[in-house]
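Q: I am new to this structure, and I would like a close look at one thing: the empty space that may be enclosed inside it. Please walk me through whatever you find there, and what surrounds it.

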Amino acid sequence: MNLEMDKDFSNPNMTVTELKCNYLKNPLGVETPNPRLSWVLKSDERGQRQTAYRILVASSRQTLDRDVGDLWDSGKVESDQSVHVLYRGKKLNSRQGCYWKVKVWDRDGKECAWSQPSYWEMGLLNEDDWKAQWISSARIVVGPSNPPPAPMLRRTFSVKKTVASARAYVCGLGYYELYVNGRKVGDEVLAPAFTTYDKTVLYQTHDITDFLVTGKNAVGVILGNGWYNCFTKDVWNFQQAPWRDQPKLLLQIHIRFKDGEEKVIVSDKKWRWNTGPIVFDGLRNGETYDARLEKPGWTKPEYDDGDWKPVTIVPGPGGVLHSQQMTPIRITETIVPVSLKEVRPGVWVYDLGQNIAGWVQLRVSGPAGATVVLRYAEKIKEDGDIDPSNINRFVKSGEFQTDRYILKGEGVEVWEPRFTYHGFRYVQVTGFPGTPTLDNIRGRAVHTAFEKRGEFTCSNDLLNAIQRCALWSTVNNYHGIPTDCPHREKNGWTGDAHISAEQVLLNFDPMTAYTKWLADHRDNQRLNGQLPGIIPTGGWGYNWGSGPAWDSATILIPWYLYLYCGDTGILEEHYECMRRYVDFLTSMASENIVDFGLGDWCPPVGGPEGHKCPRIVTSTAYYYVDALIVARAAALLGRKEDAEKYAKLAADVKAAFRKRFLNLETGKVTGNCQTSMSCALYQGLVEENEKGKVLEALAAAVEEQNRHIDCGILGTKYILHALTEHGRVDLAYAIATQTDFPSWGHWIKQGATTLWETWDGSASRDHHMFSDISAWFYKGLAGINPDVSKPGFKNIIIRPNPVADLRWVKSWHNSMYGKIVCNWTVKNHQFTLEVVVPPNCTATVYLPTSDPTSVRESGRPVKQQPGITVDDWSERRLRLNIESGRYCFTARL
């Protein structure tokens, strides 16, 4: 769809850019009756802000170009709101196309030019919009044995008039690929996203206008098993999931002709099916492809499908159909191997040089029937062969991370899997005809295709390496849900997800993915409010693997979306789930103390559950935080009674925690370890006049370990922030920069390219649960922090922390309002801070200095510069309130 404007809308004062609907650019299949609209303002002038806006939404581009909003004309609205503005126009119908644009008025009341147009399109909003039927191959009874080959389904249809637009609404379970007239539709892979299929099923909307031709057309779909038919035995019992069934398809194509007439093509008995080259696909096992069984041209209209069989009408999965409104999974990068070694005759091992999630693309030539076997791992043995022993123990049937390609014997053959993915750095190749080279393999990085939303670099190479590992571990562990690891489990562990969520929001744009995953929480929450430790689940994890420290993802992630994106909509949507979970904790509490679930998982010694901090401490702390957040959410949503109820509950839990665990004389917290003291400080359970003693106790615990981390994943989330926020960034930096056991640096010294599950490296080497250090890089070192009183970075807290040998830091974050920049350098005791505050925002800067009179901005005394208000000087920091714009501050340290 071409939305380019023919006119130049540049404006010297301020321009409107980056229009989004529900966080997405030009989305199709929107379901929300009142979509939320956002835009970004750009200006080179200091202090620029929006004082009013006007939105036009039209049913056609032509109408919009006439400056007419026949669906909605907001009129001039006196407001500085530029994010999450609710559509308040006419009721929108299924498949309604909505063209929209925005103009704003600047700080002086001057009218700016219209933005370029954007677009969204509604999905199928009503159950009776669906005319299609669920279809599949011959009806089978799924069982523990391997499933039949991947079914291929097709049909033809004719188009006799000129097409104006065409949409395909598709749900293929577990995974699907759609083809029209021989061409693959879209660049998504592993679609649709994993859900609790008997509660929710996601369909996707594709624009296939340019795929259709006048005359005969063909549509073809390949189906994979995915999570829907997860037949492989595993410890989480997904092979017994209540939704499990054979792959199936629901498809509906709507064609609108230029004369206004429409035609609908649906999945029904007119389709035919056969099997082809994908003779085996298992999400946890791998894929086998026999190229000799290919059916050339089967997705083209001229293909003869006379020997294909009629499809079977089958029951759907039982869940409610919803449009998939999240960033899809894509192949995001192709990686050239760095080395190749023959470890024994005929056994070759490639090293990609980077631990990734995805698969390899194979390029090979040889005789028909030759079988190339690809096995994936993230470790190698001393002899150079792969070592999957750290990741293969939870899969109980079939091979693990193994792909097979059987050649057809026709020149150079290029192949890669479709319906599985692996976690790996090394690939063992056997059965290769001839001698392989580095050119025969390419790594394909596959994950939810987040846009980069931030960057941190500094003068310390070790911290830069840790940051790179955190980024890779993050993307390797998002495939429609946030997983723990991309190989051993692929499960949506809730604790891992919320612990890393802040850094994910600073580095990437996971908002639509989190919104989808929170819907999974609602699907998996029991009536009593209880949640499982993995989401989605087939039934496992309610009575082990959960607990407040994990389940609090259902409270914290909506709150982080509010804090980092200004999103109150998710609080409204998810509020009942949040409230019910806190009520569940109350039902489990004794005298406002809770003691169940997992604790400070994976400390340096003692195994995963060998933590020094008693579980009762961290669980009760999360109970307090959860109640407090629900109280705050209730207040924001105008639920006064709930706000009062949960605020009182939070106060009661805090009092109980303090009475039971906090020693006011010594400052120690039960457990007397890094996690227990940092937990009390980080979670807000210590009063202002008590913080000094608790900080002393925490510092002593750090010094006792020679300034090394002595925490599992919970304490690691708390400790760097707690130390930094209470004036001991020096200790936090010392912990972060260690290079012997236990430390992030110890992993780096051993060649890590992703973060590991355990400090000793004995388990998975691609986990993101220790990745919150990346958030500390932004918040604790660079100094970019959200302001809870003006969330979404409407006001930015800039609090840089020059420390030790760190000479410079560069950082930026693309907020909902635009790009925030915070760079600083230290040279000869002079501190230089470069800040960019996007239009329509403000910032509060805490500038480190020993002499407030030394502070300059762009070379002049700070008080003489526009856009700056000097507040006060305390604790060797000068507080400045600044308007939007670019600033360069200097100060004597």
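A: Let's start with helix α3 (residues 494-507), which gives the most to the lining of the second largest cavity, with 3 residues. Please keep in mind as we go that this is a predicted model. The residues of this lining that fall within the helix are A497, S500 and V504. Around the same cavity you will also find T474, N477, Y478, P482, Y514 and H768. The space they line comes to about 50 Å³. By class, the lining of the second largest cavity divides into 5 nonpolar and 4 polar residues, with no charged ones.

How does such a space come to light? Rolling a probe the size of a water molecule over the atoms shows where empty space is left. Searching the whole structure in this case turns up 3 cavities of 30 Å³ or more.

The largest cavity makes a good companion to the one above, with a volume of about 60 Å³. Its lining includes Y176, E177 and L178, and strand β13 (175-180) gives the most to it, with 3 residues. Strand β15 (200-207) also supplies at least two residues; Q204 and H206 are the lining residues that fall in its range. The rest of the lining is made of K184, V185, E188, V189, L190 and A191. Here 3 charged residues join 6 nonpolar and 2 polar ones, whereas the lining of the second largest cavity has no charged residues.

From empty space, we can turn to rings. An aromatic cluster is formed by F194, Y197, W227, Y228, F238 and W243. Across the structure there are 47 aromatic pairs. In one of them, the rings of F231 and F280 are edge-to-face because their planes stand at 75°, with their centres 5.7 Å apart. This pair connects distant parts of the chain: F231 is in the loop between β16 (215-224) and β17 (248-257), while F280 is in strand β20 (residues 278-282), 49 residues apart. Both F231 and F280 are buried.

Rings can have charged neighbours too. The charged end of K490 sits over the ring of Y421, 4.7 Å from its centre. Likewise, K101 lies over the face of W114, at 4.9 Å from the ring centre.

Methods. Residues are numbered from 1 along each chain as its sequence is written. This is a predicted model: local features need pLDDT of at least 70, side-chain atom pairs count only at pLDDT 80 or more; totals for chains, interfaces and linings use all residues. Side-chain values use heavy atoms; hydrogens and water are left out. Rings of Phe, Tyr and Trp (its six-membered ring) pair if their centres lie within 6.5 Å; planes under 30 degrees apart count as stacked, over 60 as edge-to-face and the rest as tilted. Helices (H or I, at least four residues) and strands (E, at least two) are DSSP runs, numbered from the N terminus. Buried means under 20% relative accessible area, exposed over 50%, partly exposed in between (1.4 Å probe, protein chains only). A charge sits over a ring if NZ of Lys or CZ of Arg is within 6 Å of the ring centre and within 35 degrees of the ring normal. On a 1 Å grid over the protein atoms alone, a cavity is a set of points where a 1.4 Å probe fits but cannot get out, and a pocket is an open set with protein on both sides within 12 Å along at least five of seven lines; lining residues have an atom within 4 Å of a point. Grid points are joined across faces, edges and corners, and a volume is the space filled by probe spheres set on the points. Ala, Val, Leu, Ile, Met, Phe, Trp, Tyr, Cys and Pro count as nonpolar, Asp, Glu, Lys and Arg as charged, and the others, Gly among them, as polar.
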